[in-house]
Amino acid sequence: HGSASPAAVSEYYERRLLGLDTLGRPVYAQSYRRLLAKKLLEVAPLDRLERYHVWEQERAVAVCDELERLKLRDANRTKTTAKTPQ
């Protein structure tokens, strides 16, 4: 078996992080139509695919957290610059 590199996994299992829902949870689009399970298991064993999946989910949460942090920072910056002197 090979390694479960992102490129190898993506070749047989297409998915994308679309962004966040209204509660701030990651939203994925997964194309099961293009999933080639037998070929995917030839590229990497199931236990490695599970670890890769967990890593991918953790990475998505980290990206979403960073996006939320930037959104809040920008909102605070807008509030500060939008104030007009009285």
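Me: Why is Pro26 called partly exposed, rather than buried or exposed?
Reply: In this predicted model, Pro26 has a relative accessible area of 30%. Buried would need a value under 20% and exposed a value over 50%, so Pro26, at 30%, is partly exposed.

Me: Where does Pro26 lie, and what does Pro26 touch?
Reply: Pro26 lies in strand E2. Leaving out residues up to four places away in sequence, Pro26 touches Leu17, Gly19, Leu20, Ala60, Val61 and Cys64.

Me: What makes those count as contacts?
Reply: The criterion is heavy atoms within 4.5 Å, and Pro26 meets it with residues including Leu17 and Cys64.

Me: How far apart are Pro26 and Gln57 in sequence and in space?
Reply: The two residues are 31 apart in sequence, and their C-alpha atoms are 8.6 Å apart.

Me: How do you know that E1 and E2 are paired strands?
Reply: Pairing requires at least two bridges found by DSSP. E1 and E2, the latter spanning residues 26–31, have 6 bridges, so they pair, and the sense is antiparallel. Two of the partnerships can be named: Glu14 with Ser31 of E2, and Arg15 with Gln30 of E2.

Me: What lies between the two strands of the hairpin?
Reply: The hairpin of E1 and E2 has 5 residues between the strands. Gly24 takes a positive phi there, near 85 degrees.

Me: Why is Arg15 called buried?
Reply: Its relative accessible area is 6%. The limit for buried is under 20%, so Arg15 is buried. Arg15 sits in strand E1, which covers residues 14–20.

Me: What makes the pairs Arg15–Tyr52 and Arg15–Glu56 polar contacts?
Reply: The N or O atoms of the pair must be within 3.5 Å, with one able to donate a hydrogen and the other to accept it. The side chains of Arg15 and Tyr52 are joined at 3.0 Å, and those of Arg15 and Glu56 at 2.8 Å. Both values fall within the cut-off, so both pairs are listed as polar contacts.

Me: Which residues is Arg15 in contact with, beyond its sequence neighbours?
Reply: With neighbours within four places left aside, Arg15 is in contact with Val9, Ser10, Ala29, Gln30, Tyr52 and Glu56.

Me: Is Glu56 buried or exposed, and how do you know?
Reply: Glu56, in helix H3, has a relative accessible area of 14%. That is under 20%, so Glu56 is buried. Leaving aside neighbours within four places in sequence, Glu56 is in contact with Arg15 and Tyr28.

Me: Why is Gln30 called partly exposed?
Reply: The relative accessible area of Gln30 is 29%. Since under 20% would be buried and over 50% exposed, Gln30 is partly exposed. Gln30 belongs to strand E2.

Me: Which side chain does Gln30 make a polar contact with?
Reply: The side chain of Gln30 makes a polar contact of 3.0 Å with the side chain of Tyr13. Outside the four nearest places in sequence, Gln30 is in contact with Tyr13, Glu14 and Arg15. The C-alpha atoms of Gln30 and Glu14 are separated by 6.0 Å, and the residues are 16 apart along the chain.

Me: What makes the largest nonpolar core a core?
Reply: Its members have to be buried residues of the listed kinds, including Ala, Val, Leu and Tyr, joined through side-chain atoms within 4.5 Å. The largest such set has 9 residues: Ala8, Val9, Tyr12, Tyr13, Leu40, Val43, Ala44, Leu49 and Tyr52. Helices H1 (6–12), H2 (37–43) and H3 (46–82) are the elements that give two or more residues to this core. H1 gives the most, with 3 residues.

Me: How many helices and strands does the protein chain have, and in what order do they run?
Reply: There are 3 helices and 2 strands, running α-β-β-α-α from the N terminus.

Me: What share of the protein chain is buried, and what area does the chain expose?
Reply: Buried residues make up 20% of the 86 residues. The chain exposes about 6800 Å², of which carbon and sulfur atoms supply 57%.

Me: What is the mean pLDDT of the protein chain, and which elements have the lowest and the highest?
Reply: The mean for the chain is 81, and 87% of its residues reach 70 or more. Among the elements, H1 has the lowest mean, 79, and H2 the highest, 87.

Notes
Residues are numbered from 1 along each chain as its sequence is written. This is a predicted model: local features need pLDDT of at least 70, side-chain atom pairs count only at pLDDT 80 or more; totals for chains, interfaces and linings use all residues. Side-chain values use heavy atoms; hydrogens and water are left out. Helices (H or I, at least four residues) and strands (E, at least two) are DSSP runs, numbered from the N terminus. Buried means under 20% relative accessible area, exposed over 50%, partly exposed in between (1.4 Å probe, protein chains only). pLDDT is the predictor's confidence in each residue, from 0 to 100. Accessible areas come from the Shrake-Rupley method with a 1.4 Å probe; for residues, only the protein chains shown count as cover.
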